[in-house]
Amino acid sequence: LSEAHQVPFAAQVEEIVASTPVYDIHTHLYEPAFNELLLWGIDELLVYHYLVAESFRQHNLPYDKFWALSKTQQADLIWNSLFIEHSPISEACRGVLTTLHAFGLDVKKHDLPSIRNWFANRKLDTHITECMQLAGVKTICMTNSPFDDLERPVWERGFQRDERFTAALRIDPLILNWPEVAPKLAQWGYNVEANPSSGKTFSEIRRFLADWSKRINAQYVMVSLPPDFQFPANTMSASIIEHAVLPHCRDTGLPFALMPGVKRAVNPQLKLAGDGVGLTDLTMLQNLCAQFPENKFLATVLARENQHELCVLARKFRNLHIFGCWWFTNIPSIIDEMTRMRIELLGTSFTPQHSDARVLDQIVYKWQHSRRVIARVLLEKYLELGQDGWPVSRAEVERDVKDLFGGAFERFCKS
Ligand code: RAT
Ligand code: ZN
């Protein structure tokens with residue numbers, strides 16, 4: 001490509017990546033029927049657990065004193081310690097500013113009360129529409145847990161679904177904490193035993209999964225796992241996966257999404273902000289993909305050191321679709337590295353990002369930041385193709401970006 005051609009082509013790639021609507025395939029957002037479970041606004045943005053963890057490095061309030069504060073007081077403390085007393089250059093801090101700036105707020109005034117005022121006058125429905133527009137998100141997939149006492153009754157009562165939102169069945173307690181879950185399932189009418197003596201318990205777990213998948217219209221079934229998780233193994237976790245989750249997923253065609261690498265509560269004093277990361281032995285994922293070719297697996301891994309191995313696994317198994325730069329890897333330097341590596345090993349047969357937003361407004365910054373990195377990497381790859389005598393057309397760029405932003409994922413789910 002000539003110099004003269006490069007500038008408009010670069011602008012085209014940026015424009016296409018910036019404007020292609022995305023399916024946000026994993027978030028912690030809720031559709032409006034869940035009322036206060038859908039978090040939004042400035043105080044929620046500031047008390048995001050990513051920022052809570054960072055703030056403890058800058059202020060010296062004891063943990064219990066922090067947790068005893070009201071949400072507004074916590075937000076004030078985080079604003080002062082992370083935005084005013086130091087420059088907000090961490091990714092999670094910068095994200096708050098990207099979002100406020102996108103709303104047209106004048107952040108350089110450092111005026112938290114006037115920002116609060118602006119949010120106080122927002123109507124939720126217009127706010128949802130505007131956040132989705134600014135983020136270029138067309139559909140938001142929720143994380144839905146039947147084990148959540150606030151969420152479960154809403155599903156049980158029933159409501160008119162909002163078509164901008166899809167659901168995913170999240171089952172961490174079922175797989176990781178059977179002793180606590182067994183009595184609950186029994187109480188909800190499933191004939192299960194704490195120590196299964198026959199296949200009955202597993203068929204009842206399947207019935208539970210089938211009921212909930214249907215009730216919420218699940219797009220996939222999901223679990224997060226500790227780094228030392230093994231499969232196969234002589235454990236209740238592995239048995240539930242083999243004898244209930246996988247057969248259920250085969251029956252319904254739903255992918256089973258695994259998110260290995262999280263060490264829960266490495267610092268319990270930090271509550272939701274207290275989880276850590278560890279290197280996973282991905283042999284368990286290899287075993288699952290190899291032993292259950294009729295099942296579809298989605299995966300994202302928390303440790304940076306696992307990313308290359310995960311890409312290689314995806315090359316070996318067409319029943320594995322990898323997605324997202326999850327949590328601690330959702331920072332520009334690692335998104336750049338992971339996206340580059342995934343494109344170089346997998347072409348466009350993966351989903352580079354999900355937002356993991358817990359606060360609606362976060363989709364704005366999570367997608368704006370990621371799009372910038374994805375555009376840069378893609379452009380570099382297209383320019384290299386041009387140098388090899390394979391110029392890429394606008395229509396081809398649009399096709400590729402559609403695939404990366406949900407097309408490949410949806411095809412995988414339907415396959
Ligand atoms: O990224 C997060 O907000 C984490 O707290 C987790 O929710 C993680 O994404 C998960 O889904 O377990
Ligand atoms: Zn998540």
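# A guided look at the strands, metal site and ligand

Let's start in the strands: β3 and β4 run parallel and are joined by three bridges. This is a predicted model, so keep that in mind as you turn it around on your screen. Besides the strands, we will visit a zinc ion held by H26, H28 and D356, a ligand of which the protein buries 98%, and a few spots where the backbone does something unusual.

**The parallel strands**

- Begin with β1 and β2, which pair in the parallel sense over three bridges. To find this pairing, look for Y23, whose bridge partner in β2 is T139.
- Next, β2 is joined to strand β3 (residues 165-170) by two bridges, and these strands run parallel as well. Here C141 has T166 in β3 as its bridge partner.
- From β3 you can step across to β4 at A167, which has A218 as its bridge partner.
- The last step leads from β4 to strand β5 (residues 256-260), a parallel pairing with five bridges. One place to see this is V223, whose bridge partner in β5 is L258.
- Is strand β2 enclosed or open? Four of the five residues of β2 (residues 137-141) are buried, so the rest of the structure largely encloses this strand.
- Strand β4 is mostly covered too, with seven of its eight residues buried.

**The zinc ion**

- Which residues supply the protein donors of the zinc ion (ligand 2)? They are H26 and H28, each through its NE2 atom, and D356 through OD, at 2.0 to 2.1 Å from the ion.
- Written as a pattern along the sequence, the spacing of these donor residues is H-x1-H-x327-D.
- H28 sits in the loop between β1 (22-24) and α2 (42-46), while D356 sits in the loop between α16 (332-346) and α17 (362-387), so the pair ties together parts that are 328 residues apart in sequence.
- H28 counts as buried, with a relative accessibility of 16%. D356 is buried as well, at 6% relative accessibility.

**Ligand 1 and its surroundings**

- The residues around ligand 1 include the zinc donors H26, H28 and D356. Also in this group are H49, Y50, R170, M259, R264, W326, W327 and R358.
- Try finding R358 on your screen: a polar atom of its side chain lies 2.3 Å from an oxygen atom of ligand 1.
- Y50 makes a contact of this kind too, with a side-chain N or O atom 2.8 Å from an oxygen atom of the ligand. For H49, the distance between a side-chain N or O atom and an oxygen atom of ligand 1 is 2.9 Å.
- How much of ligand 1 does the protein bury? Taken alone, the ligand exposes 310 Å², and the protein buries 98% of that.

**Cysteines without a partner**

- A disulfide is a covalent bond between the sulfur atoms of two cysteines. How many disulfides does this structure hold? The count is zero.
- C249 is in no disulfide, and the nearest cysteine sulfur, in C413, is 11 Å away. C249 is buried, with a relative accessible area of 2%.
- Why does C325 not bond to C311? The sulfur of C311 is the closest cysteine sulfur to that of C325, but at 10.0 Å the two are too far apart for a bond. C325 is also buried, at 0% relative accessibility.

**Loops and backbone surprises**

- Most residues other than glycine have a negative phi, and most peptide bonds are trans. The residues below are worth a look with that in mind.
- The peptide bond from F231 to P232 is cis, with omega near 0 degrees. P232 belongs to the loop between β4 (218-225) and α13 (236-252).
- H110 is not a glycine, yet its phi is positive, at about 55 degrees. You will find H110 in the loop between α6 (91-102) and α7 (112-120).
- K271, another residue other than glycine, has a positive phi near 55 degrees. Its place is in the loop between β6 (262-263) and β7 (276-277).
- Is L38 buried or exposed? L38 lies in the loop between β1 and α2, and at 4% relative accessibility this residue counts as buried.
- L38 and P173 are 135 residues apart along the chain, and 22 Å separates their C-alpha atoms.

Definitions and conventions. Residues are numbered from 1 along each chain as its sequence is written. Chains are lettered from A and ligands numbered from 1 in the order in which they are written. This is a predicted model: local features need pLDDT of at least 70, side-chain atom pairs count only at pLDDT 80 or more; totals for chains, interfaces and linings use all residues. Side-chain values use heavy atoms; hydrogens and water are left out. A disulfide is a pair of cysteine sulfur atoms within 2.5 Å. Buried means under 20% relative accessible area, exposed over 50%, partly exposed in between (1.4 Å probe, protein chains only). Donors are N, O and S atoms within 2.8 Å of the metal (3.2 Å for Na, K and Ca); water is not among the atoms, so sites may look incomplete. A residue is near a molecule or strand if one of its heavy atoms lies within 4 Å of it. A polar contact is a pair of N or O atoms within 3.5 Å; within protein, one must be able to donate a hydrogen and the other to accept it, and residues adjacent in sequence count only if both atoms are side-chain atoms. Accessible areas come from the Shrake-Rupley method with a 1.4 Å probe; for residues, only the protein chains shown count as cover. Two strands pair if DSSP finds at least two bridges between them.
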